[in-house]
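Student: I have a model open and would like to learn how to read its features. Please take me through them one at a time.

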Amino acid sequence: DINCDTRYLYTDGVLSKMLSSERGEVCFDEESVYTVIETDSHGNWTKRFLQINTTFINMATGQPEKFETSYGMEERYIVYYNSL
């Protein structure tokens, strides 16, 4: 049984996503922080940096067991169609 709660927060140009999940004996909180590096002429992001912070919590003690951080870069190309 998985119980998840997801929240989004946009502050000073940085988008954060917080996910809480419970799986058996371990609960984890995952925060994904997206920082926009480049945008196109329409203001949509085309390149952004991603940092994911994960805290694993022991359900028996309620204490954090370990903390992990991972990083990535996301790029996308958007095609806009003219409807004329």
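Student: How many bridges join strand 4 and strand 5, and in which sense do they pair?

Tutor: Strands are DSSP runs of E, at least two residues long, numbered from the N terminus. Two of them pair if DSSP finds at least two bridges between them. Here strand 4 (residues 45-58) and strand 5 (residues 64-75) are antiparallel, with eleven bridges. Phe49 has Met73 in strand 5 as its bridge partner, and Ile57 has Pro64. The two strands form a hairpin with five residues between them, and Gly62 in the turn has a positive phi of about 75°.

Student: What should I know about the model and its numbering?

Tutor: The model is predicted: local features need pLDDT of at least 70, side-chain atom pairs count only at pLDDT 80 or more, and totals for chains, interfaces and linings use all residues. Residues are numbered from 1 along each chain as its sequence is written, and side-chain values use heavy atoms, with hydrogens and water left out.

Student: Which elements does the protein chain contain?

Tutor: A helix would be a DSSP run of H or I with at least four residues. The protein chain has zero helices and five strands, so the order from the N terminus is β-β-β-β-β.

Student: How many salt bridges are there in the whole structure?

Tutor: Side chains of opposite charge can pair when their charged atoms come close. The criterion is a side-chain nitrogen of Lys or Arg within 4 Å of a carboxyl oxygen of Asp or Glu. A search of the whole structure gives two. In one, Arg48 and Glu74 have their closest N and O atoms 2.6 Å apart. That pair links distant parts of the chain, with Arg48 in strand 4 and Glu74 in strand 5, 26 residues apart. Lys66 and Glu68 also form a salt bridge, at 3.4 Å from N to O.

Student: Is Arg48 buried or exposed?

Tutor: Buried means under 20% relative accessible area, exposed over 50%, and partly exposed in between, using a 1.4 Å probe and protein chains only. Arg48 has 14% and is therefore buried, whereas Glu74, at 27%, is partly exposed. Lys66 is partly exposed at 45%, as is Glu68 at 38%.

Student: What share of the protein chain is buried?

Tutor: Of its 84 residues, 21% are buried.

Student: How should I read contacts between residues far apart in sequence?

Tutor: A contact means heavy atoms within 4.5 Å. Of the contacts between residues at least 6 apart in sequence, 29% join residues at least 24 apart.
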